[in-house]
Amino acid sequence: MSGLAGRAAVVTGAAQGIGRAAARRLAGGGARVAILDRDLHGAQRTAAELAADGLDAASFGCDVSDSAQVTAAFAEVRARFGQIDVLVNNAGVNAAFDLVAMSEDDWDRFFAIDLKSAWLCAREAVPDMRELGGGAIVNVASIHASMTRAGMFPYAAAKSGVVGLTRTMAIELGGQGIRVNAVCPGYIATEPVIAKLRAEPDPALAERRVRTNHPLGRIGEPDEVASAIAFLASEQASFITGATLAVDGGLSARFAT
Ligand SMILES: NC(=O)c1ccc[n+]([C@@H]2O[C@H](COP(=O)([O-])OP(=O)(O)OC[C@H]3O[C@@H](n4cnc5c(N)ncnc54)[C@H](O)[C@@H]3O)[C@@H](O)[C@H]2O)c1
């Protein structure tokens, strides 16, 4: 991917899944990649995998919902890479709550991970990008930002917030050459999604239903989201900001099944 060589990129939640694939795509395009995750061992594993392929990556333990940890991790990234050109806000959890039974603490904890963390990380990265005269932020939202179903409370609300945040940040930062975009994945074959399908009473039927709901007839792979993230982070997307790109195999184009 042109336009990434020599860039320093931070990817949150890169111990596994979409984040790990995004780290690999960015590093493969020539970026130096900081892997942030609250799962330090997983982050180290991703960094070691990339290093084994001759790619430049470093791991940092960080709970991105905790502002003190975010500030400390970005200071470490700066010390290692000297600059931050690209930020991928990918860390997130998909937990479902009953809207009456959910406690205020659970609400605050959940929104801190799925929404506030994107602002906390941007708050750290933007001064570096301003100093460099530009940069790119890619936020990982979800198809649930625009359409949802029962059992997704309050995930859909948090991911809608991520899309709103993307637009606001794009407007606030465009004059400084900082582009901000979002991707909205559909069903992607990562650990939590596979585990959820396996926990269904009839896993084969559930998997078939999900597959056939997609016009492309299958579930997506983490690398298929990663390639969209790397494109938006690169100079190939130089006139794209404030955009939300569906990476969902056509799921959101469908009216009903
Ligand atoms: N897989 C899908 O189908 C799908 C669809 C739409 C959106 N998404 C979004 O994509 C992103 C990645 O999802 P995934 O499926 O790869 O999930 P995953 O569970 O495989 O990976 C998420 C990573 O984020 C890390 N993480 C979670 N909370 C964190 C925190 N507070 N601080 C630091 N790291 C944290 C986890 O340790 C893990 O490594 C999430 O934001 C998710 O909501 C996924």
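Q: In which strand is the place of Arg32?
A: This is a predicted model: local features need pLDDT of at least 70, side-chain atom pairs count only at pLDDT 80 or more, and totals for chains, interfaces and linings use all residues. Residues are numbered from 1 along each chain as its sequence is written, and side-chain values use heavy atoms, without hydrogens and water. Helices (H or I, at least four residues) and strands (E, at least two) are DSSP runs, numbered from the N terminus. On that count, Arg32 sits in strand β2.

Q: How many Å apart in space are Arg32 and Ala5?
A: In sequence, 27 residues separate Arg32 and Ala5. In space, C-alpha to C-alpha, the two residues are apart by 8.2 Å.

Q: Which residues is Arg32 in contact with, leaving aside its neighbours within four places in sequence?
A: Contact means heavy atoms within 4.5 Å. With neighbours within four places set aside, the contacts of Arg32 are Gly6, Arg7, Ala8, Ala9, Asp56, Phe81 and Gln83.

Q: Is Ala48 buried, partly exposed or exposed?
A: Ala48 belongs to helix α2. Its relative accessible area is 45%. Buried means under 20%, exposed over 50%, and partly exposed in between (1.4 Å probe, protein chains only). So Ala48 is partly exposed.

Q: Which residue is eleven residues from Ala48 in sequence and 8.8 Å from it in space?
A: Ala48 lies in α2. Its partner is eleven residues away in sequence, and the C-alpha atoms are 8.8 Å apart. That partner is Ser59.

Q: How far does helix α1 reach from its first C-alpha to its last?
A: α1 runs over residues 17-28, twelve residues in total. The expected span is 1.5 Å times one less than the number of residues, here 16 Å. The model comes close to that, with 17 Å.

Q: Which elements help to cover the buried residues of α1?
A: In α1, the buried residues are Gly17, Ile18, Gly19, Ala21, Ala22, Ala23, Leu26 and Ala27. Both strands and helices contribute to their cover. Among the covering elements are β1 (8-12), β2 (32-37), α2 (40-52), β4 (86-89), β6 (178-185) and α8 (222-233).

Q: Which residue takes a positive phi just after α1?
A: α1 covers residues 17-28. Just after this helix, phi is about 105° at one residue, Gly30.

Q: Which residues of α4 meet α3?
A: From α3 come Ser67, Val70, Thr71, Phe74 and Arg78. Their partners in α4 are Leu120, Cys121, Arg123, Glu124, Ala125 and Asp128.

Q: What is omega for the cis peptide bond between Phe153 and Pro154?
A: Pro154 has its place in the loop between β5 (135-140) and α5 (155-173). The peptide bond that joins Phe153 to Pro154 is cis. Its omega is about -5°.

Q: How far apart are the end C-alpha atoms of α5?
A: α5 has 19 residues. At 1.5 Å a residue, the helix should span 27 Å. The model agrees, because the end C-alpha atoms of α5 are apart by 26 Å.

Q: What do the buried residues of α5 pack against?
A: Many residues can be named here. Tyr155, Ala156, Ala158, Lys159, Val162, Val163, Leu165, Thr166, Met169, Ala170 and Leu173 are buried in α5. Their packing partners are α4 (104-132), β5, β6 and β7 (244-247).
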